[in-house]
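Visitor: I'd like a close look at a single part of this one, the charged pairs along the helix. Could you walk me through them slowly, and put them in the setting of the chain?

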Amino acid sequence: SGFRGSTRSPPQKPSVSPGDPPGTPPLAPVLQLLRNQLQEKDALIRHLESDWERSRAQREREERLLVTAWYNMGLALQRQEGGMAPRGLPSGAQSFLAQQRLATIARRAWTPHGRVPSS
């Protein structure tokens, strides 16, 4: 089995479709290149999505911390100004709900447009 009498034909190049201009690269390597680019872009998208999710979670944690800090600061100022002890309400102090009820009762007791209600 020598090379002289070999009847094997030389390897054929992938055929180019008749409508393609001459010098067009074969289709298979182009498809593989596009598949590789698509995989790279998919990997980049997954990476960016995970980064975005981590950033969103971090932002939510920071917002909760800020809200808690403002609430605690406001509560401390209210206790400081109102003379409230940290454990509870001093004598004579009312809860927020009780204060709202009294305000509503006071508004209803006012006469409309300064007139005395007829009875």
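Guide: Let's start with glutamate 63, which counts as partly exposed because its relative accessibility is 42%. Keep in mind that this is a predicted model, so treat what follows as computed from that model.

The partner of glutamate 63 is arginine 59, and the two form a salt bridge whose closest N and O atoms are 4.0 Å apart. Both residues sit in helix 1 with a spacing of four residues, about one turn of the helix. Arginine 59 is also partly exposed, at 42% relative accessibility.

There's some sharing going on too: Glu53, Arg56 and Glu60 are joined into one network by salt bridges with common partners. One link to look at is between arginine 56 and glutamate 53, whose side chains meet in a salt bridge at 2.1 Å, N to O. Why can those two reach each other? They are three residues apart in helix 1, so about one helical turn separates them. As for cover, arginine 56 is partly exposed with a relative accessible area of 22%, while glutamate 53 is partly exposed with 36%.

Now step back to aspartate 51. Its salt bridge is with arginine 54, and here the closest N and O atoms are 2.2 Å apart. Helix 1 covers residues 27–82, and because aspartate 51 and arginine 54 are three residues apart in it, about one helical turn lies between them. Aspartate 51 has a relative accessible area of 26%, so it goes down as partly exposed.

The general idea behind such pairs is plain: side chains of opposite charge can pair when their charged atoms come close. Counting up, the model has four salt bridges.

For contrast in chemistry, go to leucine 27, which is found in helix 1 as well. Leucine 27 counts as exposed because its relative accessibility is 60%, and the cut-off for that label is over 50%. Together with Val30, Leu31 and Leu34, Leu27 makes up a nonpolar patch on the surface, and the accessible area of these residues together is about 340 Å².

And the setting? The protein chain has two helices and zero strands. Of its 119 residues, 0% are buried, where buried means under 20% relative accessible area. The chain's accessible surface comes to about 11,600 Å², with 59% of that belonging to carbon and sulfur atoms.

Methods:
Residues numbered from 1 in each chain as written. Predicted model: local features only at pLDDT ≥ 70, side-chain atom pairs only at ≥ 80, totals over all residues. Heavy atoms only, no water. Buried < 20%, exposed > 50% of the residue type's maximum accessible area, 1.4 Å probe, protein only. Patch = residues over 30% accessible without salt bridge, like charges linked within 9 Å, V, L, I, M, F, W, Y side chains within 5 Å. Areas by Shrake-Rupley, 256 points an atom, 1.4 Å probe, with all protein chains shown as cover.
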